Amino acid sequence: MIQLASIKKSYSLGNEDVLVLNGIDLKINRGEFISIMGPSGSGKSTLMNIIGFLDRPTEGTYFLNGKEVLQYKEHELAKIRNRAIGFVFQQFNLLPRLNALKNVELPMIYAGVKKKEREERAKEALEKVGLGDRMLHLPNELSGGQKQRVAIARAIVNKPDLILADEPTGALDTKTSEQIMELFTMLNKEDGTTVIVVTHEEEVASYANRLILLRDGYIVQDIDQENRGEIL
Amino acid sequence: MSIVENIKIAFSSIFVHKMRSILTMIGIIIGVSSVIFIVALGQGGTEKLKSLIVGSGNTVSLSYSPSEEEMKENPDALWSPFTEDDIRSIETIPEISKIVTSSDEFGNVRYRENTIESSISGINQTYIEVNELNVSSGRNLLPSDFLGGGRAAVISSGLSKELFEKEEPLGKIIYVQSQPFEVVGVLEKPTGLLASFSSNEVYVPWKTWRTITGNNKISSITIQAENTEKLQEAGKKAAQLLNQIHGTEEAYQVTNMEEIAEGIGQITSIMTLIIGCIAGVSLLVGGIGVMNIMLVSITERTREIGTRMALGATRGQILFQFLVEAMTLTLIGGTIGILFGAGVAYLVSSIIGFPIIVSLPIVLIGLLFSMFIGIIFGILPANKASNLDPIEALRYE
């Protein structure tokens, strides 16, 4: 589904160019559950942003479903973000003035879905994450775990190919973290949605089938956790 | 994303910060309402002025402006250019429905020891109808007064005040040019624009006027026709006829009050425009307020913008969202401003009796202009929002 080749990313800091990603080659198949780990500064967030089309690499090629997408214009990338990818953030990033239902409706508004269908699908998504009884609550009336469930409902409502979760349990306690990770596992198993989780917690990473370790902008390990075999 | 969704978002973010939104709108409200108020006043004034000059009903005046030779030949004619024969001739013109004549002179009017200088007008009966001369007390001049050359006089409220002070004027004998007259009526106080002119006027039947002044000339003729088209024709024919009778070339003319009124109307329109522009400057200041608050709002909502971008909003959609928000802000302000400005205008109008016109075009212009202000001052903040880097915006604390 996704094929990255020789992805490099550098930022200019003053006169110096800082290389964050130093030639990443990565192939992600449909239905995988991947966790990306690495110390801070290893480039895992940057990689995530590039996979999610929030950022463009300095060099390299990116094939999504067989199409080279880096040449796409900004508004075309926005469309891919909208349809093909669901984002889950550490800080949930719910719009504070909208209730859970409205927050989940947001991606469909940008997709141009009609109001009635939007409501139905948003309800469905919220029920799926176990928040059928909290639909009309504002974010500040929800617990951290509930907020993250709303965010996950929002991420899956457009039926994306890929869910990208950046430290999704970073702001949650252990028990809630487990529930959230179980939710991701369910989405991966039942719907076949590809899930990529960036984390620095090994327990969280252990839910994934595949573990990618990043260091200094390189992939240093790529492990098939189920078969305990190294892919690289 | 539809415009309706954008307007909903705009309203919700305006309502969340009520105080801030109201304060921001005040600038726009003051700007729009002062423009509406001034233009309403200006347009009302212009119309009033025009109607005063043109007079009500389809009337034109005939005037006498002789050439130099004609003036040397007949120097007295300038003050009283028309004769009774002239009137009789003009009466034969079929297009004319009514002829109003008056002869005016300044002279002394005395009641007991009190002598006042006043204009003394000898009028015909139609003068009363066409010029809408109404009495507030007593009676008007009657047909019998006109026919018999009676010694009845109607005086203006200004003269009544000066001559009689607190005494009851009706039935009293006053001396006009040393001739006794009975005061039969006092005219209504002029209202509106004319209220400030308290002029001294005495109106007597023309035949009586002729007797007491020994002058049988008429100083002004106004003709009335059934409609405007006939009026043009009637005026032309009357002037032609008079020139023919008096053997003059173009001494007798139709005074086209419409043109004069248009000229004055233009002057007041220009004045209105200038003052309106000055009021418009406050709209610009209001616009800057809107820009300022939009910039604050965008900074506060950086994370929201980042989130929206991650969820699939294009830069264009973000730009549009904030532009709509700025326009909604200025449009609400503009609408309140229009209502407020029109309200104040009506209030002022009812208090001081000045006419106002709140016309549809000016209301539409007010709305469009406030929307325009929203676009002009919203584009910079909206552009800033749409150019945010989504990654930076998502991390923004």
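**Ring contacts in chain B**

In this predicted model, B:R151 sits over the face of B:F181, 5.5 Å away from the ring centre. That puts the pair inside the 6 Å limit for calling a charge over a ring.

Ring–ring contacts come next. Searching the whole structure, across all chains, turns up seven aromatic pairs. One of them joins B:F82 to B:Y252, with 5.7 Å centre to centre and 50° between the planes, so the geometry is tilted rather than stacked (under 30 degrees) or edge-to-face (over 60). As for where the two partners come from, B:F82 belongs to the loop between helix 3 (68–73) and helix 4 (84–90) of chain B, while B:Y252 is in strand 10 (residues 252–255) of chain B; the contact therefore ties together parts that are 170 residues apart in sequence. Solvent doesn't get much of a look-in here: B:F82 is buried, at a relative accessible area of 1%, and B:Y252 is buried too, at 4%.

A tilted arrangement also turns up for B:Y127 and B:Y203, whose rings are 5.9 Å apart centre to centre, with 45° between the planes. Here helix 5 (residues 125–130) of chain B supplies B:Y127 and strand 8 (residues 201–205) of chain B supplies B:Y203, so this pair links parts that are 76 residues apart in sequence. On the accessibility side, B:Y127 has a relative accessible area of 15% and counts as buried, because the cut-off is under 20%. Its partner B:Y203 is buried as well, with a value of 7%.

Notes
Residues numbered from 1 in each chain as written. Chains lettered and ligands numbered in written order. Predicted model: local features only at pLDDT ≥ 70, side-chain atom pairs only at ≥ 80, totals over all residues. Heavy atoms only, no water. Phe/Tyr/Trp six-rings, centres within 6.5 Å; stacked < 30°, edge-to-face > 60°. Helix = DSSP H or I, 4+ residues; strand = E, 2+ residues; numbered from the N terminus. Buried < 20%, exposed > 50% of the residue type's maximum accessible area, 1.4 Å probe, protein only. Lys NZ or Arg CZ within 6 Å of the ring centre and 35° of its normal.
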